[in-house]
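Me: Could you take a close look at the backbone here and tell me which spots deserve a second glance? Please tie them to the strands and loops around them.

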Amino acid sequence: MKYQQMIKATFIERPNRFIAYCEVEGERYKVHVKNTGRCKELLIPGITVYLEKSMNPNRKTPYSLIAVEKGRLLINMDSQAPNVVVEEALKSGTIQLPDLQGPLTKIKREQTYGQSRFDFYCEAGEEKLFIEVKGVTLEEDGIVRFPDAPTERGVKHLEELILARKNGYKAYVIFVVQMEEVQYFTPHEERHPAFAETLRAAEREGVGVLAYTCKVTPETLDIIEPLEIKL
């Protein structure tokens with residue numbers, strides 16, 4: 001995926017989940033944060049961030065915060081981006097779903113099943129499947145983890161994937177690691193033990209658990225390769 005009219009800035013502060021203040025060419029701007037997660041390890045005063053200029057001249061926040069520098073890493077923190085790049089990668093074949101008899105013949109965004117709305121409903125000939133996508137921005141010493149905060153919604157999604165699998169659907173959860181050059185993915189046991197436990201249960205029940213790294217630039221985000229998973 002590609003962003004438009006990107007600009008380099010300096011992060012100042014984040015008073016709430018949706019708004020931050022950044023310095024652009026000596027001026028202070030209120031910007032929209034496209035990630036409601038905590039991201040405390042990323043949004044540190046004084047770091048370099050990358051903003052996308054809004055095409056709407058009437059919007060109260062003229063920029064959206066897209067990416068952040070963390071040492072040698074450039075991390076995309078746009079929570080809407082993972083679904084976009086997964087759809088692109090499914091269509092291009094960059095993402096290979098295991099245990100399918102053939103290529104995908106249908107890809108549909110947003111499908112309700114049970115008490116959840118999954119990110120994708122797909123078909124591969126006669127096979128029917130659901131895919132849930134999770135963006136990963138939390139990194140420490142080359143290890144990436146999810147979630148960065150407790151997510152009961154995430155547990156519910158996994159439980160519904162297990163149910164779908166038992167009812168004859170193929171089911172997958174894809175962790176989109178919004179950075180590259182990391183070692184492996186693992187669930188964040190300390191932040192949310194129930195999510196880690198349910199993820200392991202999902203794999204035992206036949207839910208495909210996948211992780212992919214991304215090539216990140218200030219202007220682009222693209223899925224590049226599978227990442228090792230340690231459950």
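Reply: Gln5 sits in the segment before β1 (6-13); strands here are DSSP runs of E with at least two residues, helices are runs of H or I with at least four, and both are numbered from the N terminus. This is a predicted model, where local features need pLDDT of at least 70 and side-chain atom pairs pLDDT 80 or more, while totals for chains, interfaces and linings use all residues. Residues are numbered from 1 along each chain as its sequence is written, and side-chain values use heavy atoms, with hydrogens and water left out.

Back to Gln5: its phi is positive, about 50°, although it isn't a glycine. Why flag that? Because most residues other than glycine have a negative phi. Gln5 counts as partly exposed because its relative accessibility is 44% (buried is under 20%, exposed over 50%, partly exposed in between, with a 1.4 Å probe and protein chains only).

Asp99 is another such case, with phi near 70°. You'll find Asp99 in the loop between α1 (81-92) and β7 (106-113). With a relative accessible area of 60%, Asp99 is exposed.

Now the hairpin of β10 and β11. Strand β10 (residues 138-140) and strand β11 (residues 143-146) run antiparallel and are joined by three bridges; two strands pair if DSSP finds at least two bridges between them. Leu138 stands opposite Arg145 in β11. Two residues lie between the strands, and in this hairpin Asp141 takes a positive phi near 55°.

What does β11 pair with in the parallel sense? That would be strand β13 (residues 184-187), over four bridges. In this pairing Phe146 faces Pro187 of β13. Phe146 also has a part in the next oddity: the peptide bond joining Phe146 and Pro147 is cis, with omega about 5°. Most peptide bonds are trans. Pro147 itself belongs to the loop between β11 and α2.

Helix α2 covers residues 152-166, and His157 lies in it. Is His157 buried or exposed? It's buried, with a relative accessible area of 4%. Leaving aside residues up to four places away in sequence, His157 touches Ser116, Arg117, Phe118, Glu132 and Lys134 (contact means heavy atoms within 4.5 Å).

One more loop to check: Thr61 is in the loop between β4 (48-53) and β5 (63-70). Thr61 counts as buried, at 9% relative accessibility. Beyond residues up to four places away in sequence, Thr61 touches Ile19, Lys30, Val31, His32 and Ser54. The C-alpha atoms of Thr61 and Ile19 are 8.5 Å apart, with 42 residues of sequence separation.

For the wider setting, the chain has three helices and 15 strands. Its radius of gyration is 18 Å, which agrees with the value near 17 Å for a compact globule of 231 residues (taken over C-alpha atoms, with the globule rule being 2.2 Å times the number of residues to the power 0.38). The C-alpha atoms fill a box of roughly 60 × 35 × 30 Å along the principal axes, and 53% of the 231 residues count as buried. Among contacts with a separation of 6 or more, 65% come from residues 24 or more positions apart.
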